[in-house]
Amino acid sequence: MSLLEATGVTVRYQGHDEQGRRQLWAAVDGVSLTVAEGERVGIIGESGSGKTTLGKALLGIEPVAQGAVLFRGQNVHHLKGRALETFRLGAQMIFQDPMGSLNPRMTIGTALGEVLSVHKLASRAEQPERVKALLQQVGLDNGYTRRYPHEFSGGQRQRIGIARALALNPALLVADEPVSALDVSVQAQILNLLRDLSEARRMAVLLIAHDLAVVNYVCQRVLIMYQGQVVEEGMAQEVFSNPRHPYTRLLKSSVPDPDDVARRSVSELGQADQGGPATLKPTTGCAFAPRCGQAEAKCFVEKPDFHEASPGWRVRCHFQ
Amino acid sequence: MQNPILTVADLKISFSSDEGTIRAVDGVDLVVNENETVALVGESGCGKSLTALALARLVTGPGLSLTGTIRVAGEDILTLPEARLRAIRGATLAYIFQDPAASLNPVLRVGDQIAEVIRLHRQVPDVTAEVIRLMQLVGLPNPESRRKAYPHEFSGGMQQRVMIAMALACQPRILVADEPTTALDVTIQAQIFTLLSELQLQLKMAVLLITHNLGLVARNAARVYVMYSGRVMESGPVQEVLGQTLHPYTKGLLAAVPRLNRPVERMLGIEGAVPHPAHLPNGCRFHPRCPQAGKLCRQTEPLMESVKEGHNVRCHYWKQQA
């Protein structure tokens, strides 16, 4: 049994169409995914693709209009009381801006201690020891316990966010853009930390990011989202070295690599892409068709289904 | 022989604070030639944005000291009277910044904001026609109607195009782009850079690109300056600096970038953090984080040395790095 199993998850928001009429709009549109114990899965998407909403729906924070999310076989949106508490212990989330989720008037020692006492994971006497151990795990000196959040750098704050999530010994960590606000030298440290902790504790990680290379480095499997739908899913290395969906190919060609020096001219990069995702999806055909360089008449009429192109590799495109 | 449009020599910017003097930029030399794209890279706090702002004397702060020389199209920026400086800002030298929404007035129509720049610097008989031409130039669709829209009605990428239209309104000789696409999606980033390079060819202007992204440097710049803690550590043609890297800091940055095109077993971040500008280390500023640092590095700060034509490095041990 998978640790996390989501089928047909749909989240709808109230929106407006071009004439200003109210309309329900699917921010997440029938997404299915599984995460095994200890597995690291990446979700890639641009702003507005629904990746963050999906992450929240998977943790039961965002209500779903359709579909189900099972965590260890239990539907997370139906949990109550003790069972809900157990789920909250088992699945934790960290965010892009750890400052936003730390109380500015609480020292780090108190903030981490609070987590332990709320969930009755340590007696008051054990607390300082446990806090020290947690900080050590994320590579912070234990002299830091008396400091306030503003006294830390961005990278250190993200380590604190991770330490707080680890305090509950979660089986699943959902990390939403955990390094996009950090400098590259610090980013590498945090990504290594996530990988090491996942290996050492057999903790599953669901990494939500816009940076393909970051996901490629951390995750075994990847899902590419466009306008609320998964358009490609497979093993990260295979998908990134040989993307099948035109959108994934566009993303890959858009990422500038420091090794690019040799192939610098505009024409070689072949950027014909001019569009951006529209706020409202086209009602017929493929959502990516208006932006797709390979689109044919069929793509504007008929919705492509999400099918297996080769074992473990699924693509939502008529031509794959 | 190339003609420099921008020359910066021994630029020093410092502030006073409770903790003492903050030496944010400490002796930067920089040249940008006509029509050339030059990148200034570094991590947060290295002084790259401050250097960019100083080019039009836009730096303010407690106890500011701004010394050295900055020449833009022959004019000595740091000694220029304010009135003359106003004529240069926006006309000879223009900026675009990371967050276009913060630079646009939310209650003015974008067309009026573009028109303001034109009226301020140029004599044009039909300003509206010029606004429409500029909007077309930067690829904003339906300029006749869209010029009447407000900034919030545009996406981030389209807002940045509006900023570029404003920056180009006076055909500047040099465009300073400070992290112009950091807030945008990668596909939109690629579109903006394609646009910038097309416009650069068309309008014959130089671009100084301030960024932390080495991938963007590789794809877009001809030469690069790598800054750390207020100083330039390595500079030269992009192929040299990114291909035959000499400085341990540049090497560290390159090793910390996750790659798509080649598998990386384990990335090596740079341990530690950028020193506080009020408490700079003795010797080389990078030595506390440098894996190759020796006794000499802790005592004496290395000078910038020329390795070969155009490739300079500030490291005692660059010969061992090569």
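**Exercise 1. A proline in a loop**

Find which residues B:Pro62 touches, not counting residues up to four places away in sequence.

*Solution.* Start with the contacts. B:Pro62 touches B:Phe15 and B:Ser16. Two residues are in contact if their C-beta atoms, placed from the backbone, lie within 7 Å.

A word on the source: this is a predicted model, where local features need pLDDT of at least 70 and side-chain atom pairs count only at pLDDT 80 or more, while totals for chains, interfaces and linings use all residues. Residues are numbered from 1 along each chain as its sequence is written, and chains are lettered from A and ligands numbered from 1 in the order in which they are written.

Next, take the distance. B:Phe15 lies 47 residues from B:Pro62 along the chain, with 5.9 Å between their C-alpha atoms.

Now place the residue. B:Pro62 sits in the loop between helix H1 (48-54) and S4 of chain B. Helices (H or I, at least four residues) and strands (E, at least two) are DSSP runs, numbered from the N terminus.

Finally, is B:Pro62 buried or exposed? B:Pro62 is exposed, because 9 other C-beta atoms lie within 10 Å. The scale is: buried at 20 or more other C-beta atoms within 10 Å of a residue's own, exposed at 12 or fewer, partly exposed in between, with C-beta atoms placed from the backbone.

**Exercise 2. The four-stranded sheet**

Work out the strand order of the open sheet of four strands in chain B.

*Solution.* Go pair by pair. Two strands pair if DSSP finds at least two bridges between them.

- S1(B), residues 4-17, and S2(B) are antiparallel, with eleven bridges. A hairpin of two residues links S1(B) to S2(B). B:Ser14 has B:Arg23 in S2(B) as its bridge partner.
- S1(B) also runs antiparallel to S4(B), through seven bridges. Here B:Leu6 stands opposite B:Val72 in S4(B).
- S4(B), residues 65-72, and S5(B) are antiparallel, with two bridges. B:Val72 has B:Glu75 in S5(B) as its bridge partner.

Put together, the order is S2-S1-S4-S5, with antiparallel pairing. The edges are S2(B) (20-33) and S5(B) (75-76); each has a single partner strand, so one side of each is left without a neighbour in the sheet.

**Exercise 3. The eight-stranded sheet**

Trace the open sheet of eight strands in chain B and say which strands stand at its edges.

*Solution.* Write the order first. It is S6-S7-S8-S3-S9-S10-S12-S11, with mixed pairing. S6(B) (93-96) and S11(B) (305-308) stand at the edges with a single partner strand each, so one side of each lacks a neighbour in the sheet. Neighbouring strands are turned by 20° against each other on average, direction ignored.

Then follow the strands from S9(B) to S11(B).

- S9(B), residues 223-228, runs antiparallel to S10(B) over six bridges. B:Val226 has B:Glu234 in S10(B) as its bridge partner. Two residues lie between the strands of this hairpin, and B:Ser229 takes a positive phi near 50°.
- S10(B) runs antiparallel to S12(B), residues 311-313, over two bridges. B:Glu234 stands opposite B:Val313 in S12(B).
- S12(B) and S11(B) are antiparallel, with three bridges. B:Lys308 has B:His311 in S12(B) as its bridge partner.

Check the cover of S10(B), residues 231-237. This strand is mostly covered, with six of its seven residues buried.

**Exercise 4. Two helices crossing**

Describe how H4(B) and H7(B) cross, and which residues make the contact.

*Solution.* Take the geometry. The axes of H4(B) (residues 110-121) and H7(B) (residues 156-168) come within 8 Å and cross at roughly 20°. That angle makes H4(B) roughly parallel to H7(B). Angles under 35 degrees count as roughly parallel, over 145 as roughly antiparallel, 65 to 115 as roughly perpendicular and the rest as oblique. Axes are lines fitted to C-alpha atoms, for helices over the stretch in contact, with angles from 0 to 180 degrees between N-to-C directions.

List the residues. H4(B) gives B:Val110, B:Gln113, B:Ile114 and B:Val117, and H7(B) gives B:Val162, B:Ala165 and B:Met166. By class, there are six nonpolar, one polar and no charged residues.

**Exercise 5. The side facing chain A**

State how many residues of chain B are in contact with chain A, and which helix gives the largest share.

*Solution.* Count first. On chain B, 40 residues are in contact with 36 residues of chain A. H8(B) gives the largest share of this side of chain B, eight residues. The elements that give two or more residues are H8 (186-203), H9 (214-220), H10 (238-243) and H11 (248-256) of chain B.

How values were computed
Nonpolar A, V, L, I, M, F, W, Y, C, P; charged D, E, K, R; others polar.
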